[in-house]
Amino acid sequence: MAREPWLATLLRWTGKNSAEMAPGIDHTLARMDAAGVDLALLSAWYGPGGPLITNDEVRAAIDHAPTRFRGLLGVDLRDPVGAARTVRELAGDTFVGVRVVPWLWELPPDHRLYYPVYTACVEAGVPLCTQIGHTGPLKSSETGRPIPYLEQVLLDFPDLVVVGGHVGFPWLDEVTTLTVKFPNFYVDSSAYALDRLPPAFLDYARTLGRRRVMFGTNWPMIDPVRALRDLEHLEFDDDLHADFLEGTARRVFRLPDTAGAKVRS
């Protein structure tokens, strides 16, 4: 995956090479420790060319450090029945959600191939994690527009919990609209170091998005230490601080208190 040509922009932005985009588990744990991150979600990646990071690889990483990791399932949309079966069979305590990246498939999230997966997520009681906003890799950004594509999904699946990853810039007004309209819509800050978050997103987090936003890194693109460096300057009150770093993710992914899912500032 680290050698895919569409990752060239991320390598250029971060100043990393492809080897640095494929860190080992022990290195990942060391960077989590350095940032005070107790638990992280690891995502499988499946695209139209086949798996880039398999669910088995994610499970192996979790088995290596079961108190530090949970997983997000990847699914193959080319086989929608098989994809739904994967969710039904594997979602649970280890895999706490499903992640599908629309720009990788070059299909907006309201395409019919996704719908069996959404049904299976509702049945399994796990959230669907997706990408909103512009696409950093060398793929079209159109699939990341919250309206009309993701809005239609939320209308068609009122019980589906959706986490929109990567903030949603430049369509932050649309993110706000979905927040007002749908109580099961959430947003994470992954792919942004906190000092690079758009001012409009911070305003949203302090108001309508108070219990809807959660911290993320998009590691290995952004190191957790780097991502959290400006935390004290966000001007979050204590309740928002706790929800952003821990509480919202606990609720959405049903993480038990014993999992230790905490980021210490």
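## A network of salt bridges

Let's start with three charged residues: Asp195, Arg226 and Arg229 are linked in a network of salt bridges. Keep in mind as you explore that this is a predicted model. The network is part of a wider picture, as the count of salt bridges comes to 14.

## Linking parts distant in sequence

Asp33 and Arg68 form a salt bridge through their side chains, with an N to O distance of 2.9 Å. What does this pair tie together? Asp33 belongs to helix α2 (residues 25–35), while Arg68 sits in the loop between α3 (55–64) and β4, so the salt bridge joins parts that are 35 residues apart in sequence. The two partners can also be described by their accessibility. Asp33 has a relative accessibility of 47%, so it counts as partly exposed. Arg68 is buried, because its relative accessible area of 16% is under the 20% cut-off.

Another pair to look for is Lys181 and Glu151, whose closest N and O atoms are 2.8 Å apart in a salt bridge. Here both partners come from helices: Lys181 lies in α8 (residues 172–181) and Glu151 in α7 (residues 146–156), so this contact ties together parts that are 30 residues apart in sequence. Are these residues buried or exposed, or something in between? Lys181 is partly exposed, at 43% relative accessible area, whereas Glu151 is buried, at 15%.

## Within one helix

Now turn to helix α11, which covers residues 238–253. Glu246 and Arg250 meet there in a salt bridge between their side chains, at 2.5 Å from N to O. How are these two residues placed along the helix? They are four residues apart, which means that about one helical turn separates Glu246 from Arg250. Arg250 counts as buried, with a relative accessibility of 14%.

## The sheet

Next, follow the strands. Seven of them make up an open sheet with parallel pairing, in the order β1-β4-β5-β6-β7-β8-β9. Which strands lie at the edges? They are β1 (40–43) and β9 (213–214), because each of these pairs on one side only.

For a look inside the sheet, try β4 and β5. Strand β4 spans residues 69–73 and strand β5 spans residues 95–99, and the two pair in the parallel sense over three bridges. One place to see this pairing is Leu72, whose bridge partner in β5 is Gly97. Strand β4 also brings us back to an earlier pair, as the loop between α3 and β4 is where Arg68 lies.

Technical notes. Residues numbered from 1 in each chain as written. Predicted model: local features only at pLDDT ≥ 70, side-chain atom pairs only at ≥ 80, totals over all residues. Heavy atoms only, no water. Salt bridge = Lys/Arg side-chain N within 4 Å of Asp/Glu carboxyl O. Buried < 20%, exposed > 50% of the residue type's maximum accessible area, 1.4 Å probe, protein only.
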